[in-house]
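These are my notebook entries on a chain that I looked through element by element. I kept the entries terse and put the terms in as I needed them.

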Amino acid sequence: MKDIWRERYKNTDVARVEANVLVGFNANIDAKYRVQDLDLEIESANAEDLEQVENKEEILSLLSYCIKNGENREINSEGLELDPETGKEEVGGQAGIMANFLQSKTHETVFYTPFLSERLVEVLDSGLIYPVNSGEGLELLEVVEAINTDRTKVNHILEFDGEKTGRLILSDRLRGFGPYFRKGVEDHISELDEGLDRVLLSGFHNADGNIGAKLRKASQQLEKFDTPVHMEYVDLSDKLNLLEKHIFPHIESIGLDEYEMKALEEALDVELGGDEPSLGEAFQFAKFFINEFGLERVHIHTYSYHLNVTTEAYGVEPDKIRESMLYGETSAVQMADEGEIPEEVKRLEFDNKHIRKLDDLEDFGNFFGLEEFAETGITNIEGLNVVAIPPVIHEEPRRLVGMGDIISAGSFVKETE
């Protein structure tokens, strides 16, 4: 059975997508470090799951916990100084990563973040264009021509290898950040929207200050878009009521991983499964989310499977969704292979890579009496189109951060063909 999926991956269409996309809002500098390259006494650290860290000892405790439990974590570390010499700087933030990836894969990628510094521009793709109000209307400038601040957010990312590869993100703060367009651009959203095929947004979790007011502002702007909008979710469980009220009603699609899914289940007070979310639990979550918030598409990407659940009104056929998911995964695996966002997506080769076991697809098919589901990954349940694929596991990844963002962005935009 794995041979069938291996051939599907090898034959995935990796051609450039003739689409126009808009990406916003969060982008920063990621200073990355491989834990094994640092002189850290992790073995002697007391592994502890901490909600905040205030010194190096607490960083080591949380890092030890993440390594032992194979967990990814992002935590506020404003004011903490890290200065190892082995760090590598590159673009970070879900929107920044998605924009850099999509720029060379689409006809045109417009990128908007409210604070665009010269330092940030240095890690953004020079082909990205940025909307500004020239005083005479909307103008699209190259990012290097649109610098508007000297402030830059810098996150420190500690990557580790274990039974599961993972990372601890020590997140900086950008004071005043709001996930919405400034007024000069807001006045021209309809004009901007007219030529778009897809909109991809993230960064609502980074709103600084009066979060309620800023999400209300974002909500008013989202109402003006007719183009399908995808939100790449990052946990904001403590402000979930604000997302429910202001953001979810105005998006068609959401993307998240298994950790974010479990956090949302807890915040929504729904019990759908155990600690390790099965494909069946992910489907139940997607169904609940679609019914509860009126979305048309829920994309869940995990280490064991990728799942896309859409309404029949979504308008993209399941076989096209599957092809697009294969493209998104192929792109992310290539980044893991090369250590950087790929300039051009290439057909997948299986050197030091393998197809994840099909247990989740087989169990799902057996539960619902679907004899061919593990082979096709496509079915319809309760009026919902269900598409699942097994991920490709890279045995020696050179980069992990941003894989989910690329999976989501590639999958969502490739559907336009």
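I take buried to mean under 20% relative accessible area, exposed to mean over 50%, and partly exposed to be what lies in between, with a 1.4 Å probe and protein chains only. Helices (H or I, at least four residues) and strands (E, at least two) are DSSP runs that I number from the N terminus. The model is predicted, so local features need pLDDT of at least 70 and side-chain atom pairs count only at pLDDT 80 or more, while totals for chains, interfaces and linings use all residues. Residues are numbered from 1 along each chain as its sequence is written, and side-chain values use heavy atoms, with hydrogens and water left out.

Entry on helix α9. I looked up the buried residues of α9 (residues 258–268) and found Glu258, Glu260, Met261, Ala263, Leu264, Glu265 and Leu268. They pack against α8 (240–246), β12 (253–257), α10 (279–293) and β13 (297–301), where contact means heavy atoms within 4.5 Å. At the N-terminal end of α9, aspartate 257 acts as a cap, with a side-chain oxygen 3.0 Å from the backbone nitrogen of tyrosine 259. Just after the helix, I noted that aspartate 269 takes a positive phi of about 60°.

Entry on the core. A nonpolar core is a set of buried Ala, Val, Leu, Ile, Met, Phe, Trp, Tyr and Cys residues joined through side-chain atoms within 4.5 Å. The largest one here has 139 residues, and those with the most contacts inside it are Leu243, Phe248, Phe289 and Leu307. I followed leucine 307 further: leaving aside its neighbours within four places in sequence, leucine 307 is in contact with residues including Leu279, Phe283, Ile300, Met325 and Val387.

Entry on the sheet around β9. Two strands pair if DSSP finds at least two bridges between them. I traced an open sheet of five strands in the order β3-β9-β8-β2-β4, with mixed pairing. Its edge strands are β3 and β4 (88–92), each of which pairs on one side only. The twist averages 25° from one strand to the next, with axes as lines fitted to C-alpha atoms (for helices over the stretch in contact) and angles from 0 to 180 degrees between N-to-C directions. Strand β3 (residues 73–76) runs parallel to β9 and is joined to it by four bridges, whereas β8 (residues 154–160) runs antiparallel to β9, with five bridges. Isoleucine 169 in β9 stands opposite glutamate 74 and also opposite isoleucine 157. Which residues lie on the two faces of β9? Gly166, Leu168 and Leu170 are on one side and Arg167, Ile169 and Ser171 on the other, all of them buried.

Entry on salt bridges. I count a side-chain nitrogen of Lys or Arg within 4 Å of a carboxyl oxygen of Asp or Glu, and a search of the whole structure finds 24 such pairs. In one of them, the closest N and O atoms of aspartate 13 and lysine 414 are 3.6 Å apart. Aspartate 13 lies in the loop between α1 (2–10) and β1 (17–25) and lysine 414 in helix α14 (residues 403–414), so the pair ties together parts that are 401 residues apart in sequence. Lysine 414 is buried, with a relative accessible area of 0%, whereas aspartate 13 is partly exposed at 30%. I also noted a network of salt bridges that links Lys32, Lys88, Glu90, Glu159 and Arg399.

Note on methods: A polar contact is a pair of N or O atoms within 3.5 Å; within protein, one must be able to donate a hydrogen and the other to accept it, and residues adjacent in sequence count only if both atoms are side-chain atoms.
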